[in-house]
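Pull the model up next to the sequence and let's take a walk through it. We'll begin with the whole chain and then stop at a handful of places along the way.

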Amino acid sequence: MSEPNPRGTEPADSAADSAAVGVLDVAASEEGAKAPKAIEGRSPGQLAWMRLRRDRTARGSIWVLGFFIVIAILAPLIEKVYGLGPTVNSPDLLDRSGLPLGYFGGIDFTTNNASNHIHILGVMPGTGWDIFMQFVYGARTSLIVAALATLLSVVIGVVIGIVAGYLGGWIDQALTWFIDYMLAFPFVLMAIAIIPIVNTYLADSSGYVPPAERMATIIVVFSLFGWMSTARLVRGQVISLREREYVDAARAAGAGRGHIMFKQILPNLWAPILVTFSLSLPATVTAEAALSFLGIGVQQPTPDWGRMINDSLSYMQTDWMYLVIPGFSIWALVLAFNLFGDATRDALDPKSSR
């Protein structure tokens, strides 16, 4: 028979137990506060966007592209605030030889001149048109033509590439032969040959072609002869994707060919398509400027950087600023597009070291 505990022992043990429980609760609360947060899953698009934001080259190119895109979109508003249109003649700002008065091509930040307007980039020789407004609307022309032509060519290439890669057989052989056949045509020579012929049919009795129709002709020609590289790239990707498990599951579920090609396979091609689009834009900008430089692209009075370079060749020694402004604009825009395209390709490639 056990002896009873001495008086006062049980309360002391209870106090000790309570203290131990309190220490454990504090430790548990501190441990819970220091517990790491749950890991959040990210999609491939979110991971690519994070890599793109960390790339300083990409951020710089986005700022440059944003500048050109904003001035192109807001060109009418800039004209209203600036108070001067791109084709307003100012002959009083030219000397007897047709050269701008003042320094650096007539740059003037005051209104104490014959036109009562500022000219922050000077005026054009021969006409007195404001170069800043020519620069603004020239960016609008280049971006509209390049964006629409590249978009149409990418759409054509994607459709032909998916059809050829998925269907295979004689359809793939015929489309591949057609792609190789189109690649055999030199783009510049075909544009030089086709655009004047089309403009001849579009001209009225006086030989005038509206600017919208002339730009539409350039866009269509660029689209018809610029889709082949995209089609070959997409075809190769589709050949590797058409045997994936999700495609087999869609076939087993009774999905049609159109559904599989454009609902199952196409969403998995957005990365190479985006890279192709971003890298094709600068080439289109350069091609459009080259055609205008050769005199078969956009014509006056529509502002265009390529035609400005062509017009400035006669004034290289007397007014070199007239050549520098459009030339630097094309260089900056094309360089920004190329850097952004390279950064996009690296961001979408999980194996990239950048």
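**A walk through the helices**

Of the 354 residues in the protein chain, 38% are buried. Keep in mind that this is a predicted model. As for secondary structure, you'll count 14 helices and zero strands, so the run of elements from the N terminus on reads α-α-α-α-α-α-α-α-α-α-α-α-α-α. Looking at contacts in the protein chain with a separation of 6 or more, 72% are between residues 24 or more positions apart. Several of the stops below are about pairs of that kind.

Let's start with helix α3, which covers residues 56-73. Its 18 residues reach 26 Å from the first C-alpha to the last, close to the 26 Å expected at 1.5 Å a residue. At the start of the helix, look for D55: one of its side-chain oxygens comes to within 3.0 Å of the backbone nitrogen of T57. Which residues of α3 are buried? They are A58, S61, L65, F68, I71 and A72. When you look at the spacing in that list, it helps to recall that an α-helix has 3.6 residues a turn, so residues three or four places apart point the same way.

Next comes helix α5, residues 131-167, and a good place to land is M133, which is found in this helix. Is M133 buried or exposed? Its relative accessibility is 0%, so M133 counts as buried, the cut-off being under 20%. Leaving aside its neighbours within four places in sequence, M133 is in contact with A75, I78, E79, Y82, L84, G85 and P86. Take G85 from that set: it is 48 residues from M133 along the chain, yet the two C-alpha atoms are separated by 6.4 Å.

Stay with α5 and bring in helix α13, residues 305-312. The axes of these two helices come within 8 Å and cross at roughly 135°. That angle is why α5 counts as oblique to α13. On the α5 side the contact is made by I131, Q134, F135, G138, A139 and S142, and on the α13 side by W305, R307 and M308. Sort the residues of this contact by type and you get five nonpolar, three polar and one charged.

While you're at α13, step back into the loop between α12 (270-294) and α13, where P301 lies. The peptide bond from Q300 to P301 is worth a click: it is cis, with omega near 10°.

Now look for residues that touch another part of α5. V234 is found in helix α9, residues 228-241, and it is buried, with a relative accessible area of 4%. Not counting residues up to four places away in sequence, V234 touches G157, V158, G161, I162, L269 and I273. How far apart are the C-alpha atoms of V234 and G165? They are separated by 7.7 Å, although the two residues are 69 apart along the chain.

I162 turns up again when you move to F262, in helix α11 (residues 257-265). Not counting residues up to four places away in sequence, F262 touches I162 and P267. Its C-alpha is 9.7 Å from that of V163, a residue 99 positions away in sequence. Unlike V234, which is buried, F262 is partly exposed, with a relative accessible area of 34%.

F178 is another partly exposed phenylalanine, at 33% relative accessibility. You'll find F178 in helix α6, residues 169-183. In space F178 and M228 are 9.3 Å apart, C-alpha to C-alpha, while in sequence they are 50 residues apart.

The last stop is T344 in helix α14, residues 321-348. What is the relative accessible area of T344? It is 5%, so T344 is buried. Leaving aside its neighbours within four places in sequence, T344 is in contact with L52, L274 and V275.

Conventions:
Residues are numbered from 1 along each chain as its sequence is written. This is a predicted model: local features need pLDDT of at least 70, side-chain atom pairs count only at pLDDT 80 or more; totals for chains, interfaces and linings use all residues. Side-chain values use heavy atoms; hydrogens and water are left out. Helices (H or I, at least four residues) and strands (E, at least two) are DSSP runs, numbered from the N terminus. The expected span of a helix is 1.5 Å times one less than its number of residues. Buried means under 20% relative accessible area, exposed over 50%, partly exposed in between (1.4 Å probe, protein chains only). A polar contact is a pair of N or O atoms within 3.5 Å; within protein, one must be able to donate a hydrogen and the other to accept it, and residues adjacent in sequence count only if both atoms are side-chain atoms. Axes are lines fitted to C-alpha atoms, for helices over the stretch in contact, and angles run from 0 to 180 degrees between N-to-C directions. Angles under 35 degrees count as roughly parallel, over 145 as roughly antiparallel, 65 to 115 as roughly perpendicular and the rest as oblique. Contact means heavy atoms within 4.5 Å. Ala, Val, Leu, Ile, Met, Phe, Trp, Tyr, Cys and Pro count as nonpolar, Asp, Glu, Lys and Arg as charged, and the others, Gly among them, as polar.
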